[in-house]
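Me: Hi! Could you walk me through this one? I'd like to start with the empty spaces inside.

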Amino acid sequence: MLADSDTRWKWGALTAHRIAAGDDPAASAEPAGFLLRGRATPTARQLAEVGVAADTVREVTAAEFLRAIRDEAYDVVVLALVGGAVQAVLHGIAALRLPRRPVLVTGYVGVVYEKLADGLLLRHGADVVLANSRHDAERFRAVYEGVGADASPVTEAALPFLGGAPYERRDDRDTVVFAVQPSVPESRSDREYLLGRLAGHARLHPSREVLLKLRSRPGEHTTHLEEVPYQRLAERLPGGLPPNLSLVYGHMGEVLDRTDLLVTVSSTAALEALHRRIPTAILTDLGVREALGNHHFLGSGLLTSWDRLDRDHRPVPDEEWLARQGVAADGRYGTAFDEARERVAALLRRPELPPVTPYYTPTTAPGYLPAILARHRLAPDGSPLPGTAPAAGPTGVRRLVRDAVRGAARGAYRHGVQRVAPVIRRMGEL
């Protein structure tokens, strides 16, 4: 399994478990884990917080991963990556011309509300493209068929991390959780507004526990960049945080165990909450817009505002919408990965797998594909560029020095994104 962020690690590792052993992860061996080196490479703390183990964990470049695919025997490889990285690895594996290549599985970590065609076509070429719901499966097939590409890899499944005990209202607990997102909304003013409304809700209901569920600590990155962390805004909140409002980290499932209302703009956490029948609200305060992703929840019955939530409104989800979104409103989550397991098993039984044939080639996308491959140090034919795949990795002191340098460089990059870049933008607006 190859992942490039903490959330994709979680999706990829759990997907590998589901495909191998259904709903009993203990019934299969831990997957071998690879982390694609980049700006969002998760820290050890982030991996521990995700709570999904792997047999081994190695941080690699694309070229190093391809060398591992060439030299080590893997039956199935789950590519839990952004679309461009998936495309690069697919072309890289095709260029290896292995006598027996692994079955290639990819998909999306959550709600697909932007770059639908772009992301899907960059994933084309995998043997299995997982859709998290019936709604997504229909959209995915339509995109592939619309460009004349093979749509058979699209396989309906579900988000692999749904679960937990069904919600039960308790008289001794009243907890509201606001699940933040790294990039939605993006602007400081919008984030200050949402934090202010959350604090106002806490002050209006002093007996209620209000939690701000954070994705990462300052300096850490997730799947998306977070230029204005809520932690920084909370430090500057006029009047400070009310005593019943707390900032929390940790596994989302554990936070949902004590949640009586989940509030978000468009986080995938909403689907986790809905799966457990926890009351869920999708905010309209900043509009219902594609840029926010809350347009995905049109027809759900969940769209509402802080004004209504302050008056104790609790949205009621539409059952038909739930069923189409793969949150197991009909109780069939236990069989959600059956089709994916059957497809992978059928491919493994074949004496020979077909060549990897992505839709994008030097013929179909000569002005797009080479740059995607070059971003991962691959030549236009998918082979590693000279000098990108050394014969052996560094050991001992060299490894320590290399890791220290990379850590310092990553820290400098994150400091630039979170501290320097916003200052430069504000100066440009003067």
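Reply: Happy to! Keep in mind that this is a predicted model. By class, the lining of the second largest cavity has five nonpolar, three polar and one charged residues.

Me: Hang on, how many cavities of 30 Å³ or more does the search find?

Reply: Two, from a search of the whole structure. The largest has a volume of about 60 Å³, and the second largest has about 30 Å³.

Me: How do people look for spaces like that in general?

Reply: A probe the size of a water molecule is rolled over the atoms, and that shows where empty space is left.

Me: Nice. Which residues line the second largest cavity?

Reply: Leu194, Val265, Leu283, Thr284, Asp285, Leu286, Gly287, Leu292 and Asn294 do.

Me: And which ones line the largest cavity?

Reply: Its lining is made of Gly110, Val111, Val112, Asn132, Ser133, Asp136, Leu159, Leu271, His296 and Gln325. Sorted by class, that gives four nonpolar, five polar and one charged residues.

Me: OK, switching to helices. What do I need to describe two packed ones?

Reply: You give the angle between their axes and the distance between the axes.

Me: Let's try that with helix 3 and helix 4. At what angle do their axes cross?

Reply: Roughly 40°, and the axes come within 10 Å. Helix 3 covers residues 62–71 and helix 4 covers residues 83–96. That angle makes helix 3 oblique to helix 4. The crossing of helix 3 past helix 4 is right-handed.

Me: Which residues meet there?

Reply: From helix 3 you have Phe65, Leu66, Ile69 and Arg70, and they meet Val89, Gly92, Ile93 and Leu96 of helix 4. By class, this contact of helix 3 with helix 4 has six nonpolar, one polar and one charged residues.

Me: What about helix 4 and helix 5, how far apart are their axes?

Reply: They are 7 Å apart, and the helices pack at an angle of about 20°. Because of that angle, helix 4 counts as roughly parallel to helix 5. Here helix 4 passes helix 5 in a left-handed crossing. Helix 4 brings Gly83, Gly84, Val86, Gln87 and Leu90 to the contact, while helix 5 brings Leu121, Leu122 and Arg123.

Me: And helix 5 with helix 6, what's the angle?

Reply: About 75°, with the axes 10 Å apart. So helix 5 is roughly perpendicular to helix 6. Leu116, Ala117, Leu120, Leu121 and Arg123 of helix 5 meet Arg139, Phe140, Val143 and Tyr144 of helix 6. By class, that contact has seven nonpolar, no polar and two charged residues.

Me: Last topic: the backbone. What's the usual pattern for phi and peptide bonds?

Reply: Most residues other than glycine have a negative phi, and most peptide bonds are trans.

Me: Which two residues does a cis peptide bond join here?

Reply: Val184 and Pro185, with omega at about -10°. You'll find Pro185 in the loop between strand 8 (175–179) and helix 7 (188–204).

Me: And which residue has a positive phi although it is not a glycine?

Reply: That's Arg97, with a phi of about 50°. Look for Arg97 in the loop between helix 4 and strand 5 (103–106).

How values were computed. Residues are numbered from 1 along each chain as its sequence is written. This is a predicted model: local features need pLDDT of at least 70, side-chain atom pairs count only at pLDDT 80 or more; totals for chains, interfaces and linings use all residues. Side-chain values use heavy atoms; hydrogens and water are left out. On a 1 Å grid over the protein atoms alone, a cavity is a set of points where a 1.4 Å probe fits but cannot get out, and a pocket is an open set with protein on both sides within 12 Å along at least five of seven lines; lining residues have an atom within 4 Å of a point. Grid points are joined across faces, edges and corners, and a volume is the space filled by probe spheres set on the points. Ala, Val, Leu, Ile, Met, Phe, Trp, Tyr, Cys and Pro count as nonpolar, Asp, Glu, Lys and Arg as charged, and the others, Gly among them, as polar. Axes are lines fitted to C-alpha atoms, for helices over the stretch in contact, and angles run from 0 to 180 degrees between N-to-C directions. Helices (H or I, at least four residues) and strands (E, at least two) are DSSP runs, numbered from the N terminus. Angles under 35 degrees count as roughly parallel, over 145 as roughly antiparallel, 65 to 115 as roughly perpendicular and the rest as oblique. A crossing is left-handed if the near helix is turned anticlockwise from the far one by less than a right angle, and right-handed if clockwise. Contact means heavy atoms within 4.5 Å.
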